[in-house]
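Thanks for making time this morning. I would like to walk through one model with you, going from a single loop residue to the cores and then to one helix.

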Amino acid sequence: MSTDKIALVTGYTGESGKALVKELITNNQFKKIILVGRRKVDYTENEYKEKTEQREIDFDQIDNYTEAFRGADVHFCCLGTTRGKSGAEGFRRVDFDYIVGAARLAKQEGCKHFHLVSSQGANENSYFLYPQVKGQAEAALTKMSFPRLSIYRPAMLMVDRVEHRLMERIAHSIIGHTVQRIAPEWITTPVQILARAMCFNSFTKDRPSVEIIDNHAIFRLAEQQPNPSTGQTKATNEL
Ligand SMILES: NC(=O)c1ccc[n+]([C@@H]2O[C@H](COP(=O)([O-])OP(=O)(O)OC[C@H]3O[C@@H](n4cnc5c(N)ncnc54)[C@H](OP(=O)(O)O)[C@@H]3O)[C@@H](O)[C@H]2O)c1
């Protein structure tokens, strides 16, 4: 059942972003889904064309794009890059500057609930770049005092990635299906599980105004997301 709420997704062309948009469309609780990114996607499916509105921006000039962030009640941020792809400076620019910039404009434009895909191990005091930047972004957003802020800390994202990432492929092949079958919540997070958790959590009440959701909690939230056609909740091991 659709509500009057409008969602906005940054990072919607990435793997977790794509899974999230699909879940939001299938779930059909948001009236509209605004998609903000550095490039547009040519959607062929009618439900995508009807339900989404794409807004293209230059994240380096984000303050010139205030209007792109207008009109959304809920923001889902799936932005991110890797040091391998963008270098240390580029990684900090996307995973801190762009995320904090998007959150600042979201708050300014009246967003009531901000969801951030961060990472397991995020720690602003870490010696290592990745957890440090992730922790710094979390800390910066926490200081913005959103009415609600939900920070997700998934483990290794399980996805058939379009882009070639050697280290990720090696890790996936080592972990393979065995760990996923025996103990899926240890070190992996299928992107569909993350998407379900985020979608379900955006309609939950009585949760803390700032919450950090670890990998186990992501799985628990995902289990509660009902199947739109049957109304039944899905077991996460169905995947
Ligand atoms: N991979 C993992 O195992 C893992 C584990 C835990 C947490 N995480 C975190 O989860 C989040 C989502 O990960 P993911 O694997 O879904 O990401 P992804 O597939 O790499 O997608 C990243 C998104 O950010 C956008 N982006 C990247 N660089 C940009 C730039 N310079 N300017 C504008 N947009 C840019 C991409 O746009 P384009 O499509 O245009 O490039 C894409 O929409 C990230 O913050 C990541 O650190 C990942």
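Phe-203 sits in the loop that joins helix H7 (191–201) to strand E9 (210–213), where helices (H or I, at least four residues) and strands (E, at least two) are DSSP runs numbered from the N terminus. This is a predicted model, in which local features need pLDDT of at least 70 and side-chain atom pairs count only at pLDDT 80 or more, while totals for chains, interfaces and linings use all residues. Residues are numbered from 1 along each chain as its sequence is written, and side-chain values use heavy atoms, with hydrogens and water left out.

With a relative accessible area of 22%, Phe-203 is partly exposed, a class lying between buried (under 20%) and exposed (over 50%), for a 1.4 Å probe and protein chains only. Beyond its neighbours within four places in sequence, Phe-203 is in contact (heavy atoms within 4.5 Å) with Thr-3, Lys-5, Gln-29 and Phe-30.

Turning to the interior, the largest nonpolar core has 33 residues, of which Val-9, Leu-20, Leu-24, Phe-76 and Met-198 touch the most other members; such a core is a set of buried Ala, Val, Leu, Ile, Met, Phe, Trp, Tyr and Cys residues joined through side-chain atoms within 4.5 Å. H7 gives the most to this core, with eight residues. A second, separate core of 29 residues includes Ile-34, Ala-102, Leu-149 and Ile-151.

Finally, eleven of the 14 residues of H4 are buried, so this helix is largely enclosed by the rest of the structure, and its cover includes helix H3 (83–108), strand E5 (113–117), strand E6 (148–152) and E9.
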